[in-house]
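Trainee: I am new to this structure and would like a close look at a single part of it. Could you pick one strand and walk me through its surroundings?

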Amino acid sequence: MTQHLLAIDQGTTSSRAIIFNASGNAIATAQQEFKQYFPKDGQVEHEAGEIWESTLAVCREVLDTSGLDAASLAGIGITNQRETTVIWDRKTGQPIHRAIVWQDRRTASVCTKLKSDGHEGTVVERTGLLIDPYFSATKIAWILDHVEGARKRAEAGELAFGTVDSWLLWNLTGGRSHKTDATNASRTALFNIHEQQWDDELLALFRVPRALLPEVLDSAADFGTTDKQWLGAPVQVAGIAGDQHAALIGQACFEPGMAKSTYGTGCFLMLNTGDKALRSENRLLTTMAYRLNGKPCYAMEGSIFVAGAAMQWLRDGLQLIRHASESSNYATEVGADNPVYLVPAFTGLGAPHWDPHARGAILGLTRDTGIGEIVTAGLQSVCYQTKDLIRAIQNDGASLQALRVDGGMVVNNWVMQFLADILNVPVDRPKVIETTALGAAYLAGLQTGVYQGLEEIAQLWEREHRFEPAMKPALRERLYVGWLDSVERVCNN
């Protein structure tokens, strides 16, 4: 039996395809960036067609690079940017509006009204989520309200909604499969995570017709078979999970209390809580970790909207650096004791603040502030925001022995050491840092028999380096107090 798995990792700024062997090692990778659209302040959109085209292109490229043909793949796993909302015509397959991205804040006033009307308790109780523009529900309603005739067509069953996984699956299967998995469903604010089904009361609250919605399956399941025309042979799509859930699986965080933090465009920290859906008292989210064999596994999650995107802004927006890799040289020169703070609230603040109206700021500037201090502050902001999440988790009564990290930023040793220092927790970097794609591959492998269970996958995880805390407590406290003061200045709450 073939042992190769194709992982599609469809992210916020690029689409990637990686082929893994059964040992969890990548044998070929392809990546393609696509355009970001910013129609108005706080609005972020993608062309769903460009997402599909870039995904298909990297799948074909990675097969070509690897020398494998599609017929030799055991299966395909999909992992995706979550909450991003696509609505398309079931007959033509054409989107009726640009995809509204997870970062988009256009529905902030709607969310404020729903909260002031007293609905947040119901939403939290059933979905584990807060009412926030981040999630798909208000994005769906916005599209239906702003595209002429869309609501009527949705109610008549002529339109389909999907997060990006469903959109890609629809296209890959030639429109035969309109499905998603429990992790992606759990990020819409329409899915009851306790009953594991779409919730009629929430559909009514957010004004979303049930006829739009995909079927919800386990994270490892038979999602359908790709059309031969795309890759040259039909391949089973056998695993789907939202990017952060896939990273948890790729990091083998299968036991309650294990945690991972992914540093990509945003930063997302997830703590496995097993079969218990723990409710946070500190504005963290309760979410699905994954669902296998019909059994849900839950997690607590903290979502940071801007992590790597802050460095992208320093590079492309301010043009202070030419490459993100230059940042560690600046940080080494400036050092950890940096009086400048960058609060990257470009699209509001996520957990635990949940302030959609906050906007970014650089504080602590003096005449001797230079590029180095601002770039270093950008790196440190990622670590300070992680500290906010860890503090909320600890206030909820959970303890953290170590943090497994992944994503593009973790190759930066300076950032990882500062992260361990400011958290006062060991930080473990795995040998394979592409754990989001790896998690998707593992799910596909579970479904197709490449792996017999989670225990086998857990044995494949290897640590490349552990960063131990080394900062003096007084400095850690002073730096973090400065961060909290800076955040308070940009918040509207």
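Mentor: Gladly! One definition to begin with: two strands count as paired if DSSP finds at least two bridges between them. Please also keep in mind that this is a predicted model.

Let us take strand E15, residues 259-263. This strand is mostly covered, since five of its five residues are buried. Buried here means under 20% relative accessible area. In a regular strand, side chains alternate between the two faces of the sheet. You can follow this in E15: Ala259, Ser261 and Tyr263 point one way, while Lys260 and Thr262 point the other way, and all are buried.

Now look at the partners of E15. With strand E16, residues 267-274, E15 pairs in the antiparallel sense over five bridges. A hairpin of three residues leads from E15 into E16. To find one of the contacts in this pair, start at Ser261, whose bridge partner in E16 is Leu269.

The other partner is strand E21, residues 403-406, which runs parallel to E15 and is joined to it by three bridges. Here Lys260 stands opposite Arg404 in E21. From Arg404 you can step onward, as its bridge partner in E22 is Asp428. E21 and strand E22, residues 427-430, are also parallel, with two bridges between them. In general, strands of a sheet pair through backbone hydrogen bonds, either parallel or antiparallel.

Stepping back, these strands belong to an open sheet of seven, in the order E17-E18-E16-E15-E21-E22-E23, with mixed pairing. Strand E17 (285-292) and strand E23 (463-467) stand at the edges with a single partner strand each, so one side of each has no neighbour in the sheet. On average, neighbouring strands of this sheet are turned by 30 degrees against each other, direction ignored.

How does E15 relate to the annotated domain? The UniProt record, an unreviewed entry, carries the annotation "domain: Carbohydrate kinase FGGY C-terminal" for residues 260-446. Over residues 260-446 the chain is 35% helix and 24% strand, and the end C-alpha atoms are 21 Å apart.

E15 also takes part in the largest pocket, which holds about 1,100 Å³ of space. Of the 42 residues lining this pocket, the closest to its centre are Tyr263, Gly264, Thr265, Gly408 and Met409. You have met Tyr263 already, as one of the buried residues of E15. Several elements each supply at least two residues of the lining, among them E15, E2, E3, helix H10 (243-250) and helix H15 (435-448). The largest share, five residues, comes from H11.

Two of those lining elements lead us to another sheet. E2 and E3 belong to an open sheet of six strands, ordered E3-E2-E1-E5-E14-E13, also with mixed pairing. Its edge strands are E3 (26-33) and E13 (220-225), each pairing on one side only. The twist averages 25 degrees from one strand to the next. Strand E2, residues 14-20, pairs with E3 in the antiparallel sense over seven bridges, and Ile18 stands opposite Thr29 in E3.

To retrace the path, begin at E15 with its five buried residues, move through the hairpin to E16, cross from Lys260 to Arg404 in E21, and finish at Tyr263, among the residues closest to the centre of the largest pocket.

Methods. Residues numbered from 1 in each chain as written. Predicted model: local features only at pLDDT ≥ 70, side-chain atom pairs only at ≥ 80, totals over all residues. Heavy atoms only, no water. Helix = DSSP H or I, 4+ residues; strand = E, 2+ residues; numbered from the N terminus. Axes fitted to C-alpha atoms, helices over the stretch in contact; angles between N-to-C directions. UniProt positions renumbered as here; feature names shortened; annotations may be inferred. Buried < 20%, exposed > 50% of the residue type's maximum accessible area, 1.4 Å probe, protein only. 1 Å grid on protein atoms, 1.4 Å probe; cavity = no way out; pocket = protein on both sides within 12 Å on 5 of 7 lines; lining within 4 Å. Points joined across faces, edges and corners; volume = space filled by probe spheres on them.
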